[in-house]
Amino acid sequence: MIISPTTEIPAIHKENSIQKRFLLFSLLLFSFICAGGIIVFMFSMRYLSEQKMEQHLNLAIESMKLRLANTVDAELYLSVKMADDPLIKKYFLNPKNSDLQEQAFATLEAYRRNFRSGSIFWVNDTDKKFYYDGKFSHTVDLNDPKNYWYNLTLHNTEKYNFIIDYDPGVKTTNLWVNAPVFENGKPIGIVGVGIGLTEFLNDWKTNLENKINVYCFNTFNEITVAEDQALSFEKKSIIDHLGEAGKTITDIARELSTPEIQIFTLNNSKHAVSSIPTMNWYIVAFIPLNAGAFFDSAVFICFLIVMGLVLLIFIISNAYVASLQHTVNIQNKRLRELAAEAQAANEAKSSFLAIMSHEIRTPMNAIIGMSELLLRKEMSKEAYKDAEMIKHAGSNLLSIINDILDFSKIEAGKMDIVEANYSFRSLINDCVNIIKNRIDEKSLELIVDIDSTLPRRLFGDMIRIRQVCLNLLSNAVKYTPKGKITFQVTGKLHNELQNDDIILLSFTVIDTGVGIKPEYLSALFDNFTQVNNHRNRSIEGTGLGLAITRSLCHLMGGEVTVKSEYGIGSTFTACILQRIIDSRPFGLLDTGILTQEGKKQVKVKFIAPDVRVLAVDDIETNLTVLSGLLAPYQMQMTLCTSGEEAIALVKNEFFDFVLMDHMMPGMDGVETVAKIRAMAKDYYKNLPIIALTANAVSGMQEMFLEEGFDDFLSKPIEIVKLDGLIAKWTPAKKKLPVENGNQDPKTTDKEIDKEIDKENENLPVFFGADVAKGLTMTGGKIEKYQKVLSTFHKDTKNRLDLLKNFLSDNNKFSENDLVDFTIQVHALKSASAYLGAAEISAEAATLENAAKTGDNTAIMQTLPLFIERLSRLNTEIEAYLVKTKKKENGKNETFQQLTKTAATKPDEIISSAFTVSLLEDLAEALRFKKSGDIDQILEELSTHTSDAVTINALKKISNAVLTAEYDKALETVTVLLQNK
């Protein structure tokens, strides 16, 4: 890229401007750092100051408590012991006894000598004479308010109390420890000691930290110790003294359960509160919040030094940055040029992918679609082979396009893993069904080996797992000229992974192909890489399949590995973690061998001759392909080539749904849909419109849904996806079943109606049953209906006995009982519906649901009437069968003899109407290829079947379904029903 001088001058001015702005920014940044540092320093100093405050408050509290303990504890112990002395108690009971008085006084004198203060007092309650150090002082006057302590101690104290006495005349403070004397639970006097606190208070004030205020108060909130001793003498309330703060302090003090120290902030002061349990006192210390009160000058000096160093580093770094700025600017300019080139290349690539997707997919739709239509027509073997080759080549090209688009998504980080519940059997079935045609073309053998203990339903991205399996299988087919390919699926169950709902699936593909040399293994999963190109130059592919497979495995938390021996074959294994949804076993499967199937036959699940479809595409070839693909459905097709024509048709005609091309000249598909949705009637807003587009890049489906489309189908059109889309948007009431291929079901219905009309003349009448409906369900033959009646009677008679046993259990169902009960009523539900007894079938369904939810109450409410109605129906069937048999044989036989004659043979497969009903359901599910229903019905049949013939037949059906050979499975079911 050449830059002229005229373009350099503005660039230089721009660089100078950037340097000035950088310098200004640096100054502002330094200012912010300084301001931030100062703010942080102030907050840190405040924090440190508060920490020191708390330390000093803790120290003040603890020292106060310690000093009080040293002063009071010894006197307190002796006072309590003196009050419990037996001799003193005798004296207090008989104060006038001179002998007792002399002995008691001697004892009291001995106690006095052990007190630190050396002063004691006592008074007995008989004459209320007050003695102080053995001398009579005065008689206690209970009417004097000053002597309130006497009644308090004598009648409201269990062991001791404390009284503070302050003498302002001599400025001394005494702490009186008063202990009541009891005899047989009755107070008979008081003993105590006087402790001088003046020295203690003076010493306390001397050692108290400056600006710390300390108070002690008792449970009556009276101040007992304070720097102002008059407060204790006046018994000043701490609430009155400190106001609202005192109220808060007393509330917090009452909540203390242990001698803990609780610190809190109140009224811009730091407070500490604790209790003195032995004295029933509380102590509070507080100090005003002031960061400067504990200011540490050393910390401030360190802060200034750090700020100076920051400034110095800042100046040096700015100078260094300025010296490098010019070089950096040149490099940045070059990087911008490279980034612009890369951005342009990326946009060009994205644009190319979008254009390539549309431009290539549009003719590919015609190629693959027209070859599909050719394959459906009668032609010579040579022409059929040529058409197959055209479709095969088109499919290979489409696969290459898909690989490139997937690689583009992965490279851009837009490949999403969309997880949901799915049937594991359906996943395996899809993989085998899709790869089978390619296996057949090369006359290879495909061995499918699935672990039958794997869980039935899993949670994950089924589409991406299927893509991984198909990539590995396709790779094996490409590099295997002859021999066989083995597809194995195993799993490491949750008990080995120590997780109850996670399983590690292993998908292994083993081929007998050309193999890979050891030196090529390390590059096998690289992008756009095909190893050993010289030998494999004739094999198609982009070299992206294995790279995409590895990326998908990584996105799903898994890995893919390979083992290979050159000239012998290769083994690829993909391991993927999945969550278990239904842990029931996958099913009984044998190793299946798939061989070439033969000419393709086109079958659909239903026809809809009353459905009207509008197809819009500007390319007539695409309309021809679309009409041919939808022809088997026998729908009424209307074709047009522009958006304007489509709007006119929608205005004047009714359509069930519309297939709309995206890119059309003039008005494209998005504009056309917008105009249709803007019309007034609800019909236009609710009309299903499906987008058809050859643009398959990431995000297109979401875009179409946002633009008013209801669904999305990419070109070239895949038959499986088209079938699913048609089944989804065709109204259910307009779907008609298909029997015996694609024949018109109306003809079959008319023939059945004629047969039914012939038999309806003398139809029997049963309680709760619509015999005509039952006859229709059995094919219109009265003989077959009678045979079903006989089987139903025998089966129901046995089940009635079991139901009556359940009823006699009186609502005491165990878990196993409920399982058995569910099986019985489920069988009766299907069998009675098969006869036309709709109401009884509905009651059985109600009982089945109640059993599944464990609702014993609902069972006991419904079961008696159900047994009664079922018994009546069965009795009437028995009478009818006996009467019919008599007419046929011309002789009288007991019903037991008749049923014995009609009993099934040992090798007969169908043993009850319930089994017949399930087989009919299975046939219907096979016709429409409903994988989920097929699995459920097969499981139910295997549960209720014990004879070897049936088990072998079900095994054949299961293997045929696994390999997607639904016609073969249907033939086996048909044979079973014919044997009936």
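## Close-up views of the predicted model

**View 1. Arg-677 and Asp-710 come together in a salt bridge.** At 29% relative accessibility, Asp-710 counts as partly exposed; buried means under 20% relative accessible area, exposed over 50%, and partly exposed in between (1.4 Å probe, protein chains only). Its partner here is Arg-677, and the closest N and O atoms are 2.7 Å apart. Arg-677 sits in helix α17 (residues 669-677) and Asp-710 in the loop between α19 (700-706) and β25 (711-714), so the pair ties together parts 33 residues apart in sequence. Arg-677 itself is buried, at 16% relative accessible area. A salt bridge here is a side-chain nitrogen of Lys or Arg within 4 Å of a carboxyl oxygen of Asp or Glu, and by this rule there are 15 of them. Helices (H or I, at least four residues) and strands (E, at least two) are DSSP runs, numbered from the N terminus.

A note before the other views: this is a predicted model, in which local features need pLDDT of at least 70 and side-chain atom pairs count only at pLDDT 80 or more, while totals for chains, interfaces and linings use all residues. Residues are numbered from 1 along each chain as its sequence is written, and side-chain values use heavy atoms, with hydrogens and water left out.

**View 2. Arg-869 and Glu-839 form a salt bridge between two helices.** Their N and O atoms are 2.8 Å apart. This pair links distant parts of the chain, with Arg-869 in helix α26 (residues 856-889) and Glu-839 in helix α25 (residues 838-852), 30 residues apart. Arg-869 is buried at 17% relative accessible area, whereas Glu-839 is exposed at 51%. Elsewhere, Glu-109, Arg-112 and Arg-113 are joined into one network by salt bridges that share partners.

**View 3. Helix α9 holds the salt bridge of Arg-334 and Glu-337.** The two side chains meet at 3.0 Å, N to O. Both residues belong to α9 and are three residues apart, about one turn of the helix. Arg-334 is partly exposed, with 41% relative accessibility, and Glu-337 is buried, with 15%.

**View 4. A nonpolar patch lies on the surface.** Six side chains make up this patch: Ile-301, Ile-305, Leu-309, Leu-312, Ile-313 and Ile-316. Together they have about 610 Å² of accessible area, calculated by the Shrake-Rupley method with a 1.4 Å probe, where for residues only the protein chains shown count as cover. Patches are made of residues with over 30% relative accessible area and no salt bridge; like charges are joined within 9 Å, and nonpolar side chains (Val, Leu, Ile, Met, Phe, Trp, Tyr) within 5 Å. Ile-316 belongs to helix α9 (residues 297-375) and is exposed, at 54% relative accessible area.

**View 5. Strand β16 pairs with β15 and with β18.** Which strand does β16 join through ten bridges? That is β18 (residues 569-585), and the two run antiparallel; within this pairing, Leu-505 has Ile-576 as its bridge partner. Strand β15 (residues 484-492) is joined to β16 by eight bridges, also antiparallel, and Ile-485 stands opposite Asp-511 in β16. Two strands count as paired if DSSP finds at least two bridges between them. Eight of the ten residues of β16 (residues 502-511) are buried, so this strand is largely enclosed by the rest of the structure.

**View 6. Five strands build an open antiparallel sheet.** The strand order is β8-β7-β11-β10-β9. At the edges are β8 (223-226) and β9 (262-266), each pairing on one side only. From one strand to the next, the twist averages 25°; axes are lines fitted to C-alpha atoms (for helices over the stretch in contact), and angles run from 0 to 180 degrees between N-to-C directions. Five bridges connect β9 to the antiparallel strand β10 (residues 269-276), where Ala-272 is the bridge partner of Ile-263.

**View 7. Two asparagines have a positive phi.** Most residues other than glycine have a negative phi. Asn-184, in the loop between β5 (172-183) and β6 (186-196), has a phi of about 55° and is exposed at 77% relative accessibility. Asn-221, in the loop between β7 (213-218) and β8, has a phi near 65°, but is buried at 15%.

**View 8. Cys-431 is unbonded to Cys-469.** Why is there no bond? The two sulfurs are 4.3 Å apart, too far for one, although Cys-469 holds the closest cysteine sulfur. A disulfide is a pair of cysteine sulfur atoms within 2.5 Å, and the structure has zero. Cys-431 is buried, at 0% relative accessibility.
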